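Q: Got a minute to go through this model with me? I'd like to talk about the cysteines and the sheet.

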Amino acid sequence: MTIFAVKSDFKLFSQSPKRMKVATVVLAAVILSACGQADISASKASTPDANAVDSSAMPVEQAVTGTQVSNPDLLKNVSATIYKDANCGCCKEWVDHTQAHGLSSTVQHPTDLSLFKDRYGVPTEMRSCHTAVTTDGYVFEGHVPAKYMAEFLQNPPEQAIGLAVPGMPVGSPGMEYQDQFMSYQIMQINKDGTNQVYAEVESSAEQL
């Protein structure tokens with residue numbers, strides 16, 4: 001992912017909270033646009049090609065891979081299908097993150113991702129750029145750290161269908177950029193369509 005004209009020295013804005021906020025928003029916007037985010041709206045496009053696999057993905061340059069492996073066996077016994085846009089670089093980085101922690105996965109590139117998000121019960125407000133579905137039917141939406149995937153799967157709440165990280169927070173797995181980090185919440189998606197906070201991630205170290 002190539003980032004253009006973004007100042008990484010945030011000290012320039014240390015004396016102006018307003019400028020700092022604007023810089024943070026600009027940084028996030030540039031990363032999101034460069035990521036090649038998939039269509040996550042509830043559109044009614046053509047039927048997805050469920051047979052498209054990862055080998056057909058176009059390579060996208062990533063400024064920082066940032067993949068850190070704290071436990072390569074964390075997801076060793078977990079298999080999943082991941083639905084993403086073929087051009088989404090941050091999605092590819094997240095796939096690398098989970099596979100480095102042991103996840104066995106197959107990647108598909110459907111024409112309309114929203115159809116799969118609808119199928120697996122991902123609420124509109126919880127959506128991100130990719131959706132992973134385990135063989136036992138649990139859903140992980142967006143840049144959920146492998147650590148929390150494993151924690152959830154060890155003892156899934158009875159009312160839950162999975163976890164989500166809405167949007168694409170800078171510093172989350174697959175969204176690393178020059179050591180920048182924005183705190184975010186991991187949300188639990190419930191069978192009745194509701195959601196609740198599963199975990200608060202305040203630093204990059206908490207993801208490992």
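**Chat notes**

A: Let's start just past a helix: G102 follows helix 2 and has a positive phi, near 100°. Helices here are DSSP runs of H or I with at least four residues, strands are runs of E with at least two, and both are numbered from the N terminus.

Q: Before we go on, what kind of model is this, and how are residues numbered?
A: This is a predicted model, where local features need pLDDT of at least 70 and side-chain atom pairs count only at pLDDT 80 or more, while totals for chains, interfaces and linings use all residues. Residues are numbered from 1 along each chain as its sequence is written, and side-chain values use heavy atoms, with hydrogens and water left out.

Q: OK, how many disulfides does the structure hold?
A: One. C88 is joined to C91, S to S 2.3 Å; a disulfide here is a pair of cysteine sulfur atoms within 2.5 Å.

Q: Which hand does the link of C88 and C91 have?
A: It's right-handed, with 75° about the S-S bond.

Q: And is C88 buried or exposed?
A: C88 counts as buried because its relative accessibility is 2%. Buried means under 20% relative accessible area, exposed over 50%, and partly exposed in between, using a 1.4 Å probe and protein chains only. C91 is buried too, at 0%.

Q: Why is there no bond from C129 to C91?
A: Because the two sulfurs are 3.5 Å apart, too far for a bond, even though C91 has the closest cysteine sulfur to that of C129. C129 is buried as well, with a relative accessible area of 0%.

Q: Back to helix 2, what does it span?
A: Helix 2 covers residues 89-100, twelve residues, and reaches 17 Å from first C-alpha to last, close to the expected 16 Å. The expected span is 1.5 Å times one less than the number of residues. Its buried residues include C90, C91, W94 and V95.

Q: Switching topic, what's the strand order in the sheet?
A: Seven strands make an open, mixed sheet in the order 2-1-3-4-5-6-7. Strand 2 (104-108) and strand 7 (195-201) are the edges, each pairing on one side only. Pairing takes at least two DSSP bridges between two strands.

Q: How do strand 4 and strand 5 run?
A: Parallel, with four bridges joining residues 139-142 to residues 160-165. For instance, E141 has A164 in strand 5 as its bridge partner.
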